[in-house]
Amino acid sequence: MTTNTDLGRRVLRRVGLAAAAGLALGAATFAYGVSELTKFRLKRYELPILPAGSEPFTILHIADLHMIPGQKTKVAWVSALDALQPDLVVNTGDNLSDARAVPDVLAALGPLLGRPGVFVFGTNDYWAPRMVNPLKYLLDQKREPSYVDLPWKDMRAAFIERGWRDATHQRLEFKANGLKLAVTGTDDAHHDLDDYDSVAGAPNPDADLALGVTHAPYRRVLDRFNVDGYSLVLAGHTHGGQICLPGERALVTNADIDRERASGLHRYRAMWLEVSNGLGTSKFAPVRIFCRPSAALLTLTAREDARDD
């Protein structure tokens, strides 16, 4: 005969086993997420958007380093990208995740700083990360910055001293490997630092490439780039969702872009949009699930219709 005491013990045993299994699964998932942090990869895209007769032009897009002192594997992998010999380097921000990390950022980007480059910053360049409720991220809720200043001014000065151009609320025109570029950038829209009105207007029609750069892919910024006639916009910020389903299917974007465009190269209205899933994470959220860190190499070629002329 089964007593209430025996039944209670069985229930408690089953609950205990279920809890232990849940903890083991959680620990295994966390360990897997941590192991993905250094499995860097390079995404490659080819995009036929240049005028007739143009030679191929390569853009290396780097985003969301979120550097912490001592990340030697990341430093070595990023610095080795210089071997790709890109014609232009675009850095779309969130380089820092620690106040002491500027030397590591410069070590990682060092060889690339000798190539033509442009940059904009994200709020994690300006302010230190802080511990937040992870449910806010999974619920796609915006989190308040710490407002603890990071040494972004020193990092910006080093970038500029080496020859990179700050595109933040600037309309830049210059040549790289013979290509005439019109590059316009905005500050981080995630925390409403963007001021597109200050750079609004069509790019120089004589430019071979009209390029927009911004940290976070918010539609209000992307729509303005599209209306003004930019052919390509580069952004980061989303981490590709960071916690994804298999096949890099994002659950959230941390912006108002749709989840299908959380990473990769896509059409956005009349222009192209490439969103990097980034090379790092906040030091308070050091996991990636089905979303390995990456940089992107875009090879731009002459338009197919132009080739037929």
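Two strands pair if DSSP finds at least two bridges between them. In this predicted model, strand β2 (residues 57-62) and strand β3 are joined by 4 bridges and run parallel. One contact in this pairing links I62 to N91, its bridge partner in β3. Strand β3 spans residues 88-91, and both of its faces are covered. L88 and V90 lie on one side, V89 and N91 on the other, and all are buried.

These strands belong to an open sheet. Its 6 strands follow the order β1-β14-β2-β3-β4-β5, and the pairing is mixed. The edges are held by β1 (41-50) and β5 (165-166). Each has a single partner strand, so one side of each lacks a neighbour in the sheet. The partner strand β14 (residues 294-302) runs parallel to β1, and 9 bridges join the two. Within this pairing, R41 has S294 in β14 as its bridge partner.

A further open sheet also contains 6 strands, here in the order β6-β7-β8-β9-β13-β12. Its pairing is mixed. The edge strands are β6 (171-176) and β12 (264-268). Each of these has a single partner strand, so one side of each is left without a neighbour in the sheet. Neighbouring strands of this sheet are turned by 25 degrees against each other on average, with direction ignored. The pairing of β6 with strand β7 (residues 179-185) is antiparallel and extends over 6 bridges. L172 finds its bridge partner in β7 at V183.

The loop between β6 and β7 holds N177. This residue has a positive phi of about 50 degrees, although it is not a glycine. N177 is exposed, with a relative accessible area of 60%. H239 also has a positive phi, near 60 degrees, and is a residue other than glycine. H239 sits in the loop between β9 (232-235) and β10 (244-245). Its surroundings contrast with those of N177 in accessibility: H239 counts as buried at 8%, whereas N177 is exposed at 60%.

Aromatic contacts were examined next. A pair of aromatic rings is described by the distance of the centres and the angle of the planes. The count comes to 12 aromatic pairs. In one of them, the ring centres of Y126 and W127 are 6.1 Å apart. The planes of Y126 and W127 stand at 65 degrees; planes over 60 degrees apart count as edge-to-face, so the pair falls in that class. Y126 is buried at 9% relative accessibility. W127 is buried too, with a relative accessible area of 16%.

Y196 and F225 form another edge-to-face pair, because their planes meet at 90 degrees. Their ring centres are 5.2 Å apart. This pair links distant parts of the chain, with the two positions 29 residues apart in numbering. Y196 lies in the loop between β7 and β8 (209-213), and F225 lies in helix α7 (residues 219-228). Both residues are buried: Y196 has a relative accessible area of 5%, and F225 has 0% relative accessibility.

Y126 and W127 also take part in one aromatic cluster. The cluster is formed by F119, F121, Y126, W127, Y147, W152, F159 and W164.

Empty space in the model was also considered. Rolling a probe the size of a water molecule over the atoms shows where empty space is left. The second largest pocket has a volume of about 210 Å³. It is lined by 14 residues, and the closest to its centre are L37, T38, I68, Q71 and K74. By class, the lining of this pocket comprises 5 nonpolar, 7 polar and 2 charged residues.

A final contact concerns A76, which is found in helix α2 (residues 72-80). A76 is partly exposed, with a relative accessible area of 43%. The C-alpha atoms of A76 and A107 are separated by 8.5 Å. Along the chain, A76 and A107 are 31 residues apart.

Conventions. Residues are numbered from 1 along each chain as its sequence is written. This is a predicted model: local features need pLDDT of at least 70, side-chain atom pairs count only at pLDDT 80 or more; totals for chains, interfaces and linings use all residues. Side-chain values use heavy atoms; hydrogens and water are left out. On a 1 Å grid over the protein atoms alone, a cavity is a set of points where a 1.4 Å probe fits but cannot get out, and a pocket is an open set with protein on both sides within 12 Å along at least five of seven lines; lining residues have an atom within 4 Å of a point. Grid points are joined across faces, edges and corners, and a volume is the space filled by probe spheres set on the points. Ala, Val, Leu, Ile, Met, Phe, Trp, Tyr, Cys and Pro count as nonpolar, Asp, Glu, Lys and Arg as charged, and the others, Gly among them, as polar. Axes are lines fitted to C-alpha atoms, for helices over the stretch in contact, and angles run from 0 to 180 degrees between N-to-C directions. Rings of Phe, Tyr and Trp (its six-membered ring) pair if their centres lie within 6.5 Å; planes under 30 degrees apart count as stacked, over 60 as edge-to-face and the rest as tilted. Buried means under 20% relative accessible area, exposed over 50%, partly exposed in between (1.4 Å probe, protein chains only).
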